[in-house]
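This report covers the nonpolar cores, one helix and the pockets of a single protein model. The sequence and structure come first.

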Amino acid sequence: MVNDLAAQSHQEHYPGEVIRAEELDNHRFLFNCQNGVRLLLHVLSDKILRFRYLTDTPLSPDFSYAVPTDAATRLVPPEFVEFREKPDHYRLTTARLICIVQKETLKTRVLDRSGSILSDDEKGFHWEYDYDTGNDIVKMSKQVPAGVHYYGLGDKPDNMNLRGKRFTNWGSDTYGYTKGSDPLYKNIPFYHVLHQKIAHGIFFDNTFKASFDFAAERADVTSFWAQGGELNYYFIYGPSLMEVTEEYTLLTCPPELPPLWTLGYHQCKWSYFPEANVKEITSGLRDRKIPCDAIYLDIDYMEGYRCFTWSQERFPEPKRLVQELADDGFKLVVIIDPGIKIDPEYSVYQEGIANDYFCRRADGPLMKGSVWPGLCNFPDFTAPKVREWWSGLFKELIQDIGVKGVWNDMNEPAVFEKGTFPPDVRFDYDGHSASHQKAHNIYGMQMARATNDGVKQFCFPNRPFTITRSTYSGGQRYSSGWTGDNIASWEHLWLANIQCQRLSISGFSFIGSDIGGFVDTPTGELYARWIALGAFHPFFRTHSSGDHGDQEPWSFGDQVTDLARHFIELRYRLLPYMYTTFWQYATAGTPMLRPLTFLDQNDTETYLRMAEFGLGDNLLVCPITQPGAEGRWMYLPRGDWFYYWTDAPTAGGAEVWAAADLTRIPLFVKAGSVLPMQPVLQYVGEKAIEQLTLHVYFKNGTAESVLYDDGGEGYGYTEGQKTLRRFTVTGSENDLVITQAIQGDFQPSYATYRVVLHGVAGPIEVTTDGQAAQVTQETLETGLGLPTLVVAVGFGEVRVNVNPLTGGKIEVLVAQFS
């Protein structure tokens, strides 16, 4: 008999005929094929189906780092599930979907209840045996209907629409990447499909090296595959793109609310040292009245790059330094990498060795690799005991010294010259022993998890703040992130816009880029345009390599200093809006940054555009990404909008010219919005906010806005110390009515609103809860003079009417919307 195992490693294998189907518990259905292949189909909700394919291998434990065991508590249980056998197929029906499983081939088809085909297998599930690793290379291919579009997949630095492209998930330290570089740092195997204005998503929960082909090799086929593990994916129905992201984010769990200060401006460099240099930078910010909440220390604060140590020469008294910074409003954030220096005199190394916390090679030796400290061992963050140990190491940094945040870098994991760990390195994988091939893509996520656990434990009762360079699906619940080692170029300003949008719709909204670029030195114009964009990204940080000169807001002359201050101040005024937008993300999974297609998927004009994006419900932003520009053409989604800088009303559904010199970024506000703003602070908590401004934008019709507040720190909100205010704006030719409904008991520091009316002119009279209100004309930061009034924070109704003495109609700028 010839042993053909090696030869079979290059053959594709397929399921046999289905010989039996059975209904298990909890809306699970098992299909058994004559050659031992099985499909376990699980109805998680009316909109989410899980497909788990098993070859003839034994059923492995059902374990996922992406989907927590309590995921079902965040999903709406299925209202209706019906399972029927037909002559040639099985039909599974929910309130929203129909799933067909073919008896002959095990191929599947998913339709909506109207009969529109959403997903149709081509080859369907198939696999190859990999003789070198012993794994199955598991594959899925689906048909590509005409006119389909693909979005998502994390931090891929390419066009927003992925059709015609191929990508790989294998977290990589990609210094100075360019457009099209692949793979990068993060591994998020989730994408959106938009066909005939109906959206669904595919989440391929497999941590091995995975690839995705969006009709690149064959124009009529899309496929995804992995170098091991199971073919395990979730079908997530929209029908809107926004709903797909929300459902996925709830499945993988959104983050907790962050401390409010983390949404302020952050200043970072590789590296600020010694202590005198840190003080020089923080003084420079305060002296120039440039708001800032966080200052960072890169690897040079350590003693020989040993994690959890301080350089005695550069930072002899870190606790005193942290307190002095705090007295001036700065929160200190420090970097921690995974590599632990091999040094018998180093306590962290000693503990790791004594307790067997470090990764080992297949035959037993410890994994060794060179990173910043030199030769290092690396903790196995997939082991619960190691995560607990690692978390405990933060006691001194956080609780004793007072550091406010931790930044994880090099955690793809990266190793100098070699790239990453060898494939035979072993991991605990939470009791499911695995090689590096399976654990690589989740290493950074599990490091961020352990780090967050430690910071959270020792900063209590305050909220934690962590940042990570590498992650996997679900990593948003542990950390914020940034887009890695970018370049000071106009192309990278363009990429920063795309990558942050893409990560946001991939469940990871707390994201930003290194403003100005990490590699090389930007011009003053590039830095000004970049900080204008960064002011609208959730994570707002300047960071650069010390090899390329200074990159503080004042490094490019007085004009750029003024511009940087201008946009940073705008960010601080917008903090109530930004925090509300984060609350929507944390509670409903709603992406904070929303590509144009997500704002109106029924408008085919949005499908290939990528510069414009929504921030929250009511703002539309479009950065200038070319030098020398005095504005740009951009597409406004359908509806009515106001240009923020001039208040010019503009009708959407068309390209418009947005004039924007260096003092502006193209920024539009949706008609009907109530946009909350606070006074400029030099840092969050500098002083109590005595009055909040509500910018009310006229709409001929009705619109609703929300404002969430819980004080921005601590966990009182989990016990009801929070307030949600719902504002409804209703406008007509004769009046404008603003109503407020309040839920919750949290009492803000301010007792009044300053209400600014946009799009309303002419003689008017205003009443608040039936009482006459005084209206004044005030000049705003934009230079606009607009009608303004002050009302109590608990008002129920503000009504703007025509002044009866004029005998005319209210002058509402409706005509300009056409």
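The text below takes up the cores, then helix α12, then the two pockets.

The model is predicted. Its largest nonpolar core holds 208 residues. Those that touch the most other members are Trp 310, Ile 336, Trp 390, Phe 394, Phe 536, Tyr 753 and Leu 757. Helix α8, residues 436-459, provides the largest share of this core, with 10 residues. A second, separate core has 45 residues, among them Phe 29, Phe 51, Val 101 and Leu 118.

Trp 390 can be examined through its contacts beyond four places in sequence. These are Phe 308, Ile 336, Asp 337, Ile 340, Pro 379, Phe 381, Met 447, Ala 450 and Thr 451. Ile 336, one of these partners, is itself listed with the core residues that touch the most other members.

Helix α12 runs over residues 575-588. Its 14 residues should span 20 Å at 1.5 Å a residue, and the end C-alpha atoms are 20 Å apart, so the expected and computed spans agree. Because 12 of the 14 residues are buried, α12 is largely enclosed by the rest of the structure. The buried residues are Leu 575, Pro 576, Tyr 577, Met 578, Tyr 579, Thr 580, Thr 581, Phe 582, Trp 583, Gln 584, Tyr 585 and Ala 586. Gly 589 follows the helix and has a positive phi, near 75 degrees.

The two pockets are set out by the make-up of their linings.

| Pocket | Nonpolar | Polar | Charged |
|---|---|---|---|
| Largest pocket | 14 residues | 15 residues | 9 residues |
| Second largest pocket | 14 residues | 5 residues | 8 residues |

The largest pocket has a volume of about 850 Å³. Its lining consists of 38 residues, and Ser 60, Phe 208, Gly 229, Glu 230 and Lys 438 lie nearest the centre. Two or more lining residues come from each of β4 (48-54), β9 (117-129), β10 (136-143), β17 (231-237), β26 (434-435) and α8. Strand β4 gives the most, with 4 residues. Helix α8 thus appears both in this lining and in the largest core.

The second largest pocket contains about 670 Å³ of space. It is lined by 27 residues, with Asp 62, Val 67, Pro 68, Thr 69 and Ala 71 closest to its centre. Strands β3 (38-43) and β4 each supply at least two lining residues. The largest share, 3 residues, comes from β3. Strand β4 contributes to the lining of the largest pocket and to that of the second largest pocket.

Notes:
Residues numbered from 1 in each chain as written. Predicted model: local features only at pLDDT ≥ 70, side-chain atom pairs only at ≥ 80, totals over all residues. Heavy atoms only, no water. Core = buried A, V, L, I, M, F, W, Y, C linked by side-chain atoms within 4.5 Å. Buried < 20%, exposed > 50% of the residue type's maximum accessible area, 1.4 Å probe, protein only. Contact = heavy atoms within 4.5 Å. Expected span 1.5 Å × (residues − 1). 1 Å grid on protein atoms, 1.4 Å probe; cavity = no way out; pocket = protein on both sides within 12 Å on 5 of 7 lines; lining within 4 Å. Points joined across faces, edges and corners; volume = space filled by probe spheres on them. Nonpolar A, V, L, I, M, F, W, Y, C, P; charged D, E, K, R; others polar.
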